[in-house]
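I opened the model to take notes on a few points. These are my entries, in the order I looked things up.

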Amino acid sequence: MIPRTIERVDGAIRFIDQTLLPERLEIVECTDIERLAGAIRRLEVRGAPALGIAGAYGVALAAIQSEEQDLDAFLAEVSAAADYLRGTRPTAVNLGWGIDRVLAAVRGAGSIEAGREAAVAVADAVAEEDEETCRRIGAHGAALLPENARVLTHCNAGALACATWGTALGVIRSAVAAGKTVSVTACETRPLLQGARLTAWELAADGIPVRVITDATAAFLMRRGEIDCVVVGADRITDDAVFNKIGTYMHAVCARHHGIPFYVAAPLSTFDPGRSETDVTIEERGREEVAAFNGKQTVPDGVGCTNYAFDATPLDLVSGIITETGVLLPPYDSMPRPRHI
Ligand code: MRU
């Protein structure tokens with residue numbers, strides 16, 4: 001049984017430190033936003049919906065802990081904390097979405113005490129709604145999977161990327177729960193190996209058949225007829241593209257070439273209406289993630305590395321977007337326009 005990825009227990013936030021998996025399952029208890037911000041930057045907490053929850057709880061923590069007596073000073077302190085958390089990772093829109101939901105509740109509360117209460121209530125709601133959302137995504141997506149489905153996925157869009165259940169892996173869990181036979185091919189997902197470490201860990205924990213491949217193996221398996229469909233998550237969906245873990249675009253191109261459906265599973269909170277690919281900042285991470293492996297240097301000193309954490313897949317390569325309200329199909333001319341505060 002996998003514990004919830006992130007939750008509030010009284011005045012503290014508890015989360016699974018995902019950098020330690022699959023070797024160790026360790027829960028961290030965090031009571032300050034600097035620690036939380038560090039956890040987001042280091043990917044102890046990661047995955048778009050989990051980042052939304054972390055952001056929401058971070059703002060709630062700032063509200064609870066503020067010692068300001070004056071309402072304007074209190075609001076200024078909570079807003080500064082929100083900006084600080086927002087700056088931790090740029091690509092997943094859910095982070096800002098979770099932060100802004102709580103910030104709006106604090107601003108609208110009218111007093112410091114009411115602001116604190118509203119912050120905790122809304123942050124808890126963000127976390128609780130996530131499970132229901134994932135289960136709805138799962139139910140809609142499960143219907144798309146054929147019997148004996150052999151599904152390829154990339155990165156981790158599972159329970160560990162949400163409060164529980166998952167988006168892309170939620171589709172797989174829901175299909176299995178509905179009695180379908182599903183086997184998963186998890187791309188290892190260089191350089192931080194979310195597929196090998198996290199997707200494989202959580203599916204194995206649930207007894208769902210999974211194998212891990214190097215990212216470069218995906219095209220070859222498609223060519224050999226070993227993949228029926230691709231299901232991935234998303235960090236942001238603009239009017240023209242899906243942003244997800246680096247390597248996703250490559251799978252979409254290969255899937256199209258081989259006539260394999262390529263599905264994206266994501267909550268409405270991941271949509272960023274009115275924006276296009278060029279408006280989005282793609283996180284670039286440090287050279288050290290690419291230049292070393294298993295504690296050993298893999299790139300010569302003085303040679304640069306490019307380490308984009310995400311890529312953009314144009315919508316014309318996407319066979320369907322599975323949301324909590326149903327499956328969107330091409331040509332995507334009526335994309336949902338969820339209200340982002
Ligand atoms: O850098 P990460 O591990 O936060 O990247 C996560 C992903 O790319 C996931 O696929 C995405 O956030 C969807 S999670 C439901």
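**Entry 1: a loop residue.** I am working on a predicted model. I began with Asn148, which sits in the loop between H5 and strand S4 (149–153). I read its phi as near 55°, a positive value in a residue other than glycine. Most residues other than glycine have a negative phi. I flagged Asn148 for that positive value.

**Entry 2: cis peptide bonds.** Next I looked at omega. Most peptide bonds are trans. The bond from Leu21 to Pro22 is cis, with omega near 5°. I traced Pro22 to the loop between strand S2 (12–16) and strand S3 (27–30). I noted another cis bond between Pro330 and Pro331, where omega is about 10°. Pro331 belongs to the segment after strand S15 (326–328).

**Entry 3: domains.** I then pulled up the domain assignment. It gives domain 1 (6–134) and domain 2 (139–328) for the protein chain. Their C-alpha centres are 25 Å apart. I found 25 residues of domain 1 in contact with 31 residues of domain 2. On the domain 1 side, H2, helix H4 (93–107) and helix H5 (112–142) each supply at least two of the touching residues. I sorted that side by class: 15 nonpolar, six polar and four charged residues.

**Entry 4: the ligand shell.** Which residues are closest to the ligand? I listed Arg46, Ala157, Ala161, Gly233 and Lys245, out of 18 residues that surround it. Domain 1 and domain 2 each give at least three residues to the shell. By element, helix H2 (48–65) and strand S9 (241–245) each supply at least two. The shell divides into ten nonpolar, five polar and three charged residues.

**Entry 5: H1 against H2.** H2 had come up in the ligand shell and on the side of domain 1 that touches domain 2, and I checked its packing with H1. Two packed helices are described by the angle between their axes and the distance between the axes. For helix H1 (residues 33–42) and H2, the angle is about 165° and the axes are 10 Å apart. Angles over 145 degrees count as roughly antiparallel, so I entered H1 and H2 as roughly antiparallel to each other. The crossing of H1 past H2 is left-handed. From H1, I noted Ile33, Leu36 and Ile40. They meet Leu51, Ala54, Gly58, Leu61 and Ala62 in H2. The classes in this contact are seven nonpolar, one polar and no charged residues. I marked Gly58 as the polar one, since Gly counts as polar.

Terms used. Residues numbered from 1 in each chain as written. Predicted model: local features only at pLDDT ≥ 70, side-chain atom pairs only at ≥ 80, totals over all residues. Near = placed C-beta within 6 Å. Helix = DSSP H or I, 4+ residues; strand = E, 2+ residues; numbered from the N terminus. Domains from an automatic or database assignment. Axes fitted to C-alpha atoms, helices over the stretch in contact; angles between N-to-C directions. Parallel < 35°, antiparallel > 145°, perpendicular 65-115°, else oblique. Left-handed = near helix turned anticlockwise from the far one by under 90°. Contact = placed C-beta atoms within 7 Å.
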